[in-house]
Structure formats: structure tokens, C-alpha cells
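Me: I have this model open in my viewer and would like a close look at one helix and whatever surrounds it. Could you take me through that part slowly, and then on to the neighbouring pieces?

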Amino acid sequence: MFPLLKTRPKARKPVPPETRTLDVAGRLMPLTIKQHDQATRITLRIEPGGRALKMTVPRGLAAREVNAFLDRHQGWLLTKLAKFSTDTGLSDGSKILLRGVSHLIEHTGSLRGLTEVVSVDGSPVLRVSGLPEHVGRRTAAFLKKEARADLERLAAMHAATIRAPIRSISMKDTRSRWGSCSSEGNLSFSWRIVMAPPSVIDYLAAHEVAHLKEMNHGPRFWALCKKLCPGMEEAKLWLKRHGSQLHAIDFD
């Protein structure tokens, strides 16, 4: 007789995420609820920038339990969201960080002209031309250019130190990660990092360049990263404390 062949159970189809709007003390927050087969408990997190919520629940969890969890955590959400400003747009008179320094945005009123940093009475000012409604967009374009200049220079320096070639460098506006490195040597960075202090920008460049040698986050990777950036721990702590605020700024 032939032995019985064991058949693998068919994988269950994923349940489409549920989206809704949650009222947190008058602050309307987009909420995505995702059921997961491996989840054993409810997890709730604030997306980078504080503009949305994401919830993961065990598959088949009753709606009343989800709602009860959200009710119990209203106070926690209110406390956490308090650090995010509800006014995240940019206009004349707003302030923006550049390399860790706060700059006053001054709309010049001219339709044409460069976006540039000047000093007014000893204080840094970012002068922006164009239409008033395009201040955020033109500020973002300026930051992207500055970020590329910094990161290309720093990445090249660190890559030369470990003798690893870089194939390409690109600027993106990712919220899930600050940077990435492919096995082909393509580096990608979030241009928002240029708002952080120079030491943090340097750490991000060193982090991704270290991946050119170590495509993991093991002990050898962290040792190499620290060699390239001795102030690594302080920079990581700064990103943990302040990174979400950089994502919260709306440039559109």
C-alpha cells in the first residue's frame, strides 16, 4: 500500500483592511485595521508624522472588542498625539528646520527667484518666491536639493573609507524608513533628514553605506556603522525622539 500523502492546508485568503475615521477628542484620525493570522493581541500605533493610525488585530476578532480597545486607549492616543501640531502646513511666517537650525520662512512676493537662505539681523531666513500657495512645494524642492548635496558628499566619503562602490543615490519621501541599500549598491534616502542636525544626517549616510558591506543588522554591521559614525548612538536617539515631527510637516 502506498503511504498517505499529507496535504498542506490551503492558505486562507487575507481579509481586506478596514478603514475608518477615529475621533480623538475632536481630532479626526484616519484608522486602518488589519486582521493578521499570526496576531495574538491587538496592537495600535501612530504612523510617522502623527497623521494616521494603524491597528493590527487577530483574525476574526469581534468588532465590539476592537471598539472597546479603542475606547480604553483614547487617553493614551490623546497624550501621544499632543506632541504633533494640527497646523502642519507652511506659509509666510512659518518656521522650518534646516540641518537642525530653525529658519523663518519669508515669502518674497516675487513670482520668480531662487529659494535661498539669508541672514536677517543675525537670524537665518529662508526666502521663498512664487505664488503664496506654492510656498510649501518650493520649500520642499529646496530641501531636496540640500539633502542630495549633503548625502552624496557624506555617502561618497564613507564609501571611500570602506572601499565599497555606490551605484546610485536617490531621494525619496518614505515614511516607513529613513533610507535603504540594495544588493546592487543603490542607496535611497528620505530627503526630510536634511532638517535634522548634521550629526544625524551623517549617521544616516554611514548606516546605508555600511549596508554595502553588511546587508543585515547583525553585530558586524553595527560595529562598522559605529566605526564610520562614532556618534551613532546619539544620532539614533535623536531620530527616535524627533523623527516623527519631521514626517508631520505637510509640504503640499
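Reply: Happy to. Start at H242, where helix α6 bends by about 55°. Please keep in mind that this is a predicted model, and that every value below is computed from it.

Helix α6 covers residues 232-248. How far apart should the ends of its 17 residues be, at 1.5 Å a residue? The expected span is 24 Å, and the end C-alpha atoms are 24 Å apart, so the two values agree. When you look along the helix, then, you have both a bend of about 55° at H242 and an end-to-end distance that agrees with the expected span.

Next, colour the helix by burial. The buried residues of α6 are M232, A235, W238, L239, G243, L246, H247 and A248. What lies over them? The cover includes strand β5 (95-98), helix α4 and helix α5 (219-228).

Just past the helix there is a ring contact to look at. F251, in the segment after α6, pairs with W191, in the loop between β11 and α4, so the pair ties together parts that are 60 residues apart in sequence. The two rings sit edge-to-face, 5.2 Å centre to centre, with 65° between the planes. W191 and F251 are both buried. The count of aromatic pairs comes to two. F221 and W222 form an edge-to-face pair as well, with 4.9 Å between the centres and 75° between the planes. Are these two residues buried or exposed? F221 has a relative accessible area of 0%, so it counts as buried. W222, at 24%, is partly exposed, because only values under 20% count as buried.

From W191 you can step back into the sheet that ends in β11. This is an open sheet of three strands in the order β9-β11-β10, and its pairing is mixed. Its edges are β9 (168-172) and β10 (179-181), each of which pairs on one side only. On average, neighbouring strands here are turned by 15° against each other, direction ignored. Five bridges connect β9 with β11 (residues 186-190), and the two strands pair in the parallel sense. To find the register on screen, look for M171, which stands opposite F189 in β11.

Two helices are in contact with this sheet. Helix α3 (residues 135-162) lies across β9 and β11, and runs at about 150° to β9. Helix α4 (residues 198-210) packs on the sheet too, where it touches β10 and β11, and its direction makes about 150° with that of β11. You have met α4 already, as part of what covers the buried residues of α6.

One residue of this sheet deserves a pause. S190 lies in strand β11. With a relative accessible area of 0%, S190 is buried. Setting aside residues up to four places away in sequence, S190 touches K172, T174, R177 and W178.

Now move to the other end of the chain, where four strands form an open sheet in the order β1-β2-β4-β3, again with mixed pairing. The edge strands are β1 (18-24) and β3 (43-46), each pairing on one side only. From one strand to the next, the twist averages 25°. Which way do β1 and β2 pair, parallel or antiparallel? They are antiparallel, over seven bridges, and T19 has T32 in β2 as its bridge partner. The hairpin that they form has two residues between the strands, and A25 takes a positive phi near 50° there. By contrast, β2 (residues 27-36) and β4 (residues 53-58) run parallel and are joined by six bridges; the partner of K34 in β4 is T56. Helix α2 (residues 74-81) lies across β1, β2, β3 and β4, at about 80° to β1.

A last stop is V15, in the segment before β1. V15 is partly exposed, with a relative accessible area of 27%. Apart from its neighbours within four places in sequence, V15 is in contact with Q35 and R59. For a sense of scale, the C-alpha atoms of V15 and L77 are separated by 26 Å, and the two residues are 62 apart along the chain.

How values were computed
Residues numbered from 1 in each chain as written. Predicted model: local features only at pLDDT ≥ 70, side-chain atom pairs only at ≥ 80, totals over all residues. Heavy atoms only, no water. Pairing = 2+ DSSP bridges. Axes fitted to C-alpha atoms, helices over the stretch in contact; angles between N-to-C directions. Contact = heavy atoms within 4.5 Å. Buried < 20%, exposed > 50% of the residue type's maximum accessible area, 1.4 Å probe, protein only. Expected span 1.5 Å × (residues − 1). Bend = angle between axes of the 7 residues up to and from the residue. Phe/Tyr/Trp six-rings, centres within 6.5 Å; stacked < 30°, edge-to-face > 60°.
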